[in-house]
Amino acid sequence: MAINWVPDHIPPEMVRDFSLFKSPGMLPAPNGDPHAAVACVHAGPPIFYSPYNTRDGRGTWVITRASDQRRVLQDAETFSSHRSIFASALGENWPMIPLELDPPAHGVFRSLLNPLLSPKRAMVLEPAIRERAVTLIDRIAAAGTSCDVMKEFAFPFTVNIFLRFLGLPDHRLDTFVGWAKDLIHGDHLKRPAAAQTIVAFIDELATKRRKDPVDDFMTFILQAQVEGRQLSDVEVRGIGVLVFVAGLDTVAAAIGFDLAYLARNLKDQELLRSEPDRIALAVEELLRAYPTVQMIRVATKDIDFEGVPIRKGDYVSCATMIANRDPAEFECPNTIDLARENNRHAAFGYGPHRCLGSHLARREIVIGLEEWLARIPAFRIKKGTAPITSGGHVFGIKNLILHWS
């Protein structure tokens with residue numbers, strides 16, 4: 001792999017040839033296991049510098065120990081969450097809200113949105129979530145003995161729940177998923193085009209709801225107040241874009257990785273099918289083993305962190321898939337133990353920016369597995385097919401063809 005430019009303050013001995021985008025196991029590959037591939041970093045130093053570890057080719061410090069990642073993610077004063085990860089695709093600099101706001105502004109908007117995604121709200125949504133899962137799985141079971149689980153279940157299931165939450169039409173599901181895939185997994189041409197399309201859609205939706213308010217998420221945002229004022233157009237856009245992007249890919253990918261694991265491990269599959277009360281605990285282990293997101297912070301000042309010279313403006317990577325394979329945090333981290341307890345995984349991040357939608361995401365995954373295992377007999381990956389996995393800013397899986405008889 002070609003090594004990019006390394007800032008002068010970084011000692012050469014701290015530079016490693018590593019990238020979540022390009023290292024072995026990260027490029028799209030049949031029957032890949034990118035989570036196991038990144039676990040190899042724990043054989044090296046706890047912190048190192050990767051010259052190429054972002055989509056746009058920038059280098060980052062890579063924090064490997066879970067405890068060190070928690071220190072970084074908790075300290076929003078030293079490690080900012082604002083790097084315009086979406087707006088930068090447009091050559092602009094505005095934050096997705098509240099993810100890319102730092103305290104105290106972050107807390108103001110987080111308080112506004114918390115009630116919409118609280119555990120209580122997730123419970124209210126549960127009957128609709130279960131109904132959607134049952135409908136899709138029954139349709140798959142009636143159609144035959146195999147399916148492309150990402151296309152026929154994972155995406156239609158999770159994206160439908162998200163679209164209902166936003167008050168968006170279900171018939172555009174494939175269009176929205178296509179935008180998200182181009183944004184998250186697309187190249188330097190598809191990504192900015194998708195970003196522009198999504199911004200235009202959010203702005204148009206806001207304009208419509210201002211003229212004709214309805215009972216949906218966008219209307220709530222437009223009518224909300226923070227600190228005694230209504231939200232600005234940029235703030236409405238920042239919230240709308242974040243919620244739109246966050247709900248379209250990550251939960252579906254998590255369900256895909258989980259079903260791929262169960263398809264290859266029939267004893268665990270049968271255990272959960274015969275004892276469904278174990279599923280909730282098992283999902284925590286699967287979230288630990290197969291998280292999908294890398295979080296990046298930006299240093300706001302010079303700091304020596306565990307002997308490492310991090311300087312203002314440096315990017316700092318806290319990849320959940322690395323923290324969750326930390327042997328200092330988890331016994332036998334590369335072993336999937338569905339009965340693992342005290343599972344302090346980092347799948348939803350940590351600190352003030354911990355994933356706002358984690359409660360809803362967790363219920364979607366649990367319900368999805370409960371209904372799948374209740375309705376589909378013992379399943380395997382179809383002979384002659386191979387799921388394609390990939391690394392990157394968000395890990396992904398596709399072409400997951402399951403077969404049963």
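What follows is a chat between a student and a tutor about a predicted model.

Student: Let's start with helix H6. What makes its span close to the expected one?

Tutor: H6 covers residues 173-185, which is 13 residues, and it reaches 18 Å from its first C-alpha to its last. The expected value at 1.5 Å a residue is also 18 Å.

Student: Which residues of H6 are buried?

Tutor: Leu173, Phe176, Val177, Trp179, Ala180, Leu183 and Ile184. They sit on the same side of H6, because they cover an arc of only 155° around the axis. There's a general reason behind that kind of spacing: an α-helix has 3.6 residues a turn, so residues three or four places apart point the same way.

Student: And what covers those buried residues of H6?

Tutor: The cover includes helix H5 (149-166), helix H7 (190-211) and helix H9 (233-246).

Student: Why is Trp179 called buried?

Tutor: Buried means under 20% relative accessible area. Trp179 has 15%, so Trp179 counts as buried.

Student: How many aromatic pairs are there in the whole structure?

Tutor: A search finds 17. Trp179 and Phe244 are one of them: their ring centres are 6.1 Å apart and their planes are at 35°.

Student: Why is that pair called tilted?

Tutor: Check the distance, then the angle. Centres must lie within 6.5 Å, and 6.1 Å passes, so the two rings pair. Stacked needs planes under 30 degrees apart and edge-to-face needs over 60; 35° fits neither, so the pair is tilted. This pair also links distant parts of the chain, with Trp179 in helix H6 and Phe244 in helix H9, 65 residues apart. Phe244 is buried too, at 0% relative accessible area.

Student: What makes Trp372 and Phe379 edge-to-face, then?

Tutor: Their centres are 6.1 Å apart, and the angle between their planes is 85°. That's over 60, so this pair is edge-to-face. Trp372 counts as buried at 0% relative accessibility, and so does Phe379, also at 0%. Both belong to one aromatic cluster with Phe153, Phe157 and Trp404.

Student: How do you know that Arg58 lies over the face of Tyr315?

Tutor: The distance part of the test asks for CZ of Arg within 6 Å of the ring centre. Arg58 is at 3.9 Å from the centre of the Tyr315 ring, so the distance fits. Arg16 lies over the face of Phe48 in the same sense, at 4.9 Å.

Student: Phe48 is in strand E2, residues 47-50. How do you know that both faces of E2 are covered?

Tutor: Ile47 and Tyr49 are on one side, Phe48 and Ser50 are on the other, and all are buried.

Student: What makes E2 and E3 a pair of strands?

Tutor: Pairing takes at least two bridges. Four bridges join E2 to E3 (residues 60-63), so the two strands pair, and they run antiparallel. As one detail, Tyr49 has Trp61 as its bridge partner in E3.

Student: Is Asn399 buried, exposed or partly exposed?

Tutor: Partly exposed: its relative accessible area is 33%, which lies between 20% and 50%. Asn399 is in the loop between strand E14 (396-398) and strand E15 (401-404), and its phi is near 55°, a positive value in a residue other than glycine.

Student: What about Ser84?

Tutor: Phi of Ser84 is near 50°, again positive in a residue other than glycine. Ser84 has a relative accessible area of 3%, under 20%, so Ser84 is buried.

How values were computed. Residues are numbered from 1 along each chain as its sequence is written. This is a predicted model: local features need pLDDT of at least 70, side-chain atom pairs count only at pLDDT 80 or more; totals for chains, interfaces and linings use all residues. Side-chain values use heavy atoms; hydrogens and water are left out. The expected span of a helix is 1.5 Å times one less than its number of residues. Buried means under 20% relative accessible area, exposed over 50%, partly exposed in between (1.4 Å probe, protein chains only). The arc is that of the directions from the helix axis to the C-beta atoms. Contact means heavy atoms within 4.5 Å. Rings of Phe, Tyr and Trp (its six-membered ring) pair if their centres lie within 6.5 Å; planes under 30 degrees apart count as stacked, over 60 as edge-to-face and the rest as tilted. A charge sits over a ring if NZ of Lys or CZ of Arg is within 6 Å of the ring centre and within 35 degrees of the ring normal.
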